[in-house]
Each structure stands twice: as structure tokens, then as C-alpha cells.
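Colleague: I'm new to this one and would like to learn how to read it feature by feature. Could we put it on the screen and talk it through?

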Amino acid sequence: MIFNLICILVVVLISYHFFLKKKLMFICFLPFLIQYLWMFASVLVIEQGAYISEQEKNGEFIFTNFYLLLFFLVSLTSFILFFEIFKKALTLKLPRLRFLKKSEISIVYYIAIIIVIIAYISLISSPSVYTSEDVNKFTYWDTAKYPWLKAILGSTIGYLPFIFGLIFNKYKKPTLLLIVLYIIYLVGVDQKFTAFLYGIIGFLISFAVVNFQKRRNYNILSFKKRYLIVVASLIFSLVLLKYSNKNPFEYLNLSPVESVFYRAFGLQAHVFWGVNEKYNYNDHPNSWDLSELPYGMHVVMKDFTPEFHQRYLEKLWANGVSWTNAYPAILMRIFPVPLALLVHFLIFSIVPLVYTLLIKTIERKNYIIAIVLFQLTLWLTNIYSMSYFYRLTKVVLIFLFLAFIAFIYNRAKKIA
């Protein structure tokens, strides 16, 4: 336990130093930092002997956090290095959009209002997750009255908090109302901790860039602690209410409260722990198969699930349910640790590339394109936590489209 606590302390101290030196870069890295800290805490719990229900075994101390610390340090180094390279090397000149003589920031404001209205039309007209046993956040769109709206709203309308950060300075009071309505919507569709967390990060990113550009003296991470306590208590209460109605870990003789903490910490890093045990601690041969990356989560779920449960896995995938944090664990299944770290250093460079372009678009007030790029960061967060690298195809296609727009725009300006 002492070793795991030391690893966590090292990460916290490094992260605090990073925050002091590179505040904006720190906020961009925040989704991955939270992922790592959550996994470090989960490994600590698992290696205290916690039962891993998905793997049907008890955890044991095998220095898992040491390997996780190596991946964290490589992630941070890759992010900072490539962020600085792309910041200096890339230029982005794209047209600003206008509609009915409205500026782009005004267009974005009206888009936010329209999106919230559409969300509530879907919420009010669809079966409630709180009154129907067959409806939850995974099946909400299967039972929704207008399922085609999922193409616009997604599971959490993750880009909406980012828009709030863009428009906050100009439309403060209306934006506060929209934020409240957005929170109510998330509760209404059974979204809990993760949606709120990444919503806060999305708001911070756009808000920070806008105000850094204007050189306003904002403490971007300042907040009133009582608000944080109220929000955290609300989220915990909602999760506890859901687990009280249907406790998924009742078969382990866990109370609803114990089940909430077990779900939060007992399972969050079990994939990384399991891969470390099998491929490092027990020296199981690596696969050396890069084709496992596109659907890495499916690969590791099959790896740790007995064959007679394969139909159960297929049912889970069909309903959009899976485990979490298959990446960077999948790399330790494919390669020995030193090579896995090198591969991770290289492929993680895509993340600072997108964030660099995102910041440049906000600085140039290309807000519509900034929203598109922020959606890419949401996909990247999912890609690098679940190892769903097949989704990089969408990222590449959008990059090519933006490059084409930039080429046409700059060529037209030269001709003019």
C-alpha cells in the first residue's frame, strides 16, 4: 500500500508543478490526468485484495502502479513535447462564418439555444429512465421517440459545455440558465459522474483560451468549494438512488453505498491490473499484433472472460456496454513494456496536435470549427481510454476536410 501511495503522490506533485508552469496546457491534458489518477486509486484498492468480479479473482500486489507511472510519464512528456512543436510549426487560416450579418460568436450562442430546445423535446417525449425499468443511459436512444436525434445530441451533448465557455463572457446570464438546463438534462437521461466531469473540462478549455487571449486576470480553476460539495453530493445521491433501486453487485453481498464505491474504484483499473499480471508478472507471451488496437477493449474483454461467456460479451457490446481503460493496457498485451512505451509516446502525439489546432481556431475566432475540433478531442479521449482506434478514421477525414477548406480559402485570398 505504501508503494502505491508513493506513486500517487509523485503523480500529484508532478501534475501540480505542470499546472504552475503551463496552465492552459494542463487543462488540455486534464481528461487524461483524471483518467490516470482514477486508475492509480483503483489499483491501490485492487492490490489490497479487492475482488474483481469481471475477472472472477482477487487482486494482489504486483507493482502495477509502477507500470502505470511509466505510462503517465511518457504521456505527459509526449504531450508537452509535441504540443510545443505543433504550436510553433502549425499555422491555421480559415474563414469566419457570418449569417444574416451576425458574428460567429452570436451564431454559436443561437446554436446552443437550439440544441438545448432539441434536447428537451427528446427528453420530454421519451420514456423516463426513472419510471421504466427497461430504460437506462445505455438504452435511452433505443426507446426514445425520436432516435435519429442521437446524431445531433449524442449520449451527453459533450460539445455543449465547450460552447458555454465560448459564449460566457458575452452572454453571461443566458449562459448560466443554459448550463442549469443542461445539468437537468444530463440527470434526466441518467448520466452521472463522467458526463459532469468532462462537461466541466470542456467549459474550462474554451473559457480559458478566450480569457487568456484577452489577457484577463482569471484564476481558471477558482471555484467556491461549497458549490463543488453540492454538485458532488447531488451526483453521489443520484448514483446511490439508482443503485438502491437496482444493485448490480448485490450478489457480492455489497450494500448500495458499498456498490457505488466498488464500481468507482474496484473496477476502474482492473483491465490494466489484469494485463500486467498476465503479461508482465506471469510472463505470458505478447501477441505482437497491432491489429488488436482498433477494437482493443473487445480484445481484452475476451482475454479475461471464459469462453462460455462469449455470448454474454456480444450482448454487452450490442447494448453499448463494456469495461473501461483498455488503453494503455492493450499495448502491454501486444508488446514488451519498453516497446509499448515507445509506441505510446508516438501515437499519443495525435492528442496535442488536435488541441493545438483547437486553441488556434479559438484565438482566430473560428468558433464553429473550434466546436468541431473539440468534438474530435472527445473522440480522442474515448479512443485513448477504450482503445477504439477505429474511430481515428473520423478524425482523419475531418482533418482532411479542414485542410481542404484552408487550402481553398488561402488560394482565394491570394487570387483576390
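**Reading the model step by step**

Colleague: Let me start with a single residue: is Y384 buried or exposed?

Modeller: To call a residue buried, look for a relative accessible area under 20%. Y384 has a value of 2%, so it is buried. F32 is buried too, with a relative accessible area of 2%. Keep in mind that this is a predicted model.

Colleague: Now for the rings. How many aromatic pairs does the count come to?

Modeller: The count comes to 34 aromatic pairs. Take F32 and Y384 as a case: their ring centres are 6.4 Å apart and the planes sit at 80°, so this pair is edge-to-face. Next, ask where each partner lives. F32 belongs to helix α2 (residues 23–46) and Y384 to helix α18 (residues 367–386), so the pair ties together parts that are 352 residues apart in sequence.

Colleague: Could I try that on F71 and F272? At what angle are their planes?

Modeller: Their planes are at 90° and the ring centres are 6.1 Å apart, so that pair is edge-to-face. F71 lies in helix α3 (residues 64–89), while F272 lies in helix α12 (residues 270–281), so parts 201 residues apart in sequence are tied together. F71 is buried at 0% relative accessibility, and F272 is buried with a relative accessible area of 0%.

Colleague: Rings can also have a charge over them, I hear. Which residue lies over the face of W379?

Modeller: For that, you check how the charged end of a side chain sits relative to the ring. K394 lies over the face of W379, at 4.1 Å from the ring centre. Another case is K23, which lies over the face of F19 at 5.1 Å from the ring centre.

Colleague: On to charges that meet each other. How many salt bridges does a search of the whole structure find?

Modeller: The search finds five. With each one, look at the distance, then at where the partners sit. E84 and K22 form a salt bridge in which the closest N and O atoms are 3.1 Å apart. E84 is in helix α3 and K22 is in the loop between α1 (2–21) and α2, so this pair ties together parts that are 62 residues apart in sequence. E84 is partly exposed at 22% relative accessible area, and K22 is partly exposed at 34%.

Colleague: What about K57: which residue does its side chain meet in a salt bridge?

Modeller: Its partner is E277, at 2.9 Å from N to O. K57 lies in strand β2 (residues 57–58) and E277 in helix α12, so the pair ties together parts that are 220 residues apart in sequence. The partners also differ in burial: K57 is partly exposed, with a relative accessible area of 28%, whereas E277 counts as buried at 10%.

Colleague: Are E292 and R333 buried or exposed?

Modeller: Both are buried. They form a salt bridge, with the closest N and O atoms 2.9 Å apart. E292 is in the loop between α12 and α13 (296–303) and R333 is in helix α15 (residues 329–334), so to speak a link between distant parts of the chain, 41 residues apart. Salt bridges with shared partners join K278, E292, D303 and R333 into one network.

Colleague: And the nonpolar core: how many residues does the largest one have?

Modeller: It has 125 residues, and L166, I167 and Y185 have the most contacts inside it. Helix α2 gives the largest share, 15 residues. To see what one member touches, skip residues up to four places away in sequence: I167 then touches I105, V108, Y109, A112 and T175. Another core, of five residues, lies apart from the largest one and includes I46, I52, I62 and W273.

Colleague: Finally, the whole chain. Where is confidence lowest, and where is it highest?

Modeller: Helix α14 (residues 310–318) is lowest with a mean pLDDT of 60, and helix α16 (residues 337–347) is highest at 95. The chain averages 82, and 79% of the residues score at least 70. Overall there are 19 helices and two strands, and 50% of the 416 residues count as buried. Among contacts between residues at least 6 apart in sequence, 76% join residues at least 24 apart.

Terms used
Residues numbered from 1 in each chain as written. Heavy atoms only, no water. Phe/Tyr/Trp six-rings, centres within 6.5 Å; stacked < 30°, edge-to-face > 60°. Helix = DSSP H or I, 4+ residues; strand = E, 2+ residues; numbered from the N terminus. Buried < 20%, exposed > 50% of the residue type's maximum accessible area, 1.4 Å probe, protein only. Lys NZ or Arg CZ within 6 Å of the ring centre and 35° of its normal. pLDDT = per-residue confidence, 0-100. Salt bridge = Lys/Arg side-chain N within 4 Å of Asp/Glu carboxyl O. Core = buried A, V, L, I, M, F, W, Y, C linked by side-chain atoms within 4.5 Å. Contact = heavy atoms within 4.5 Å.
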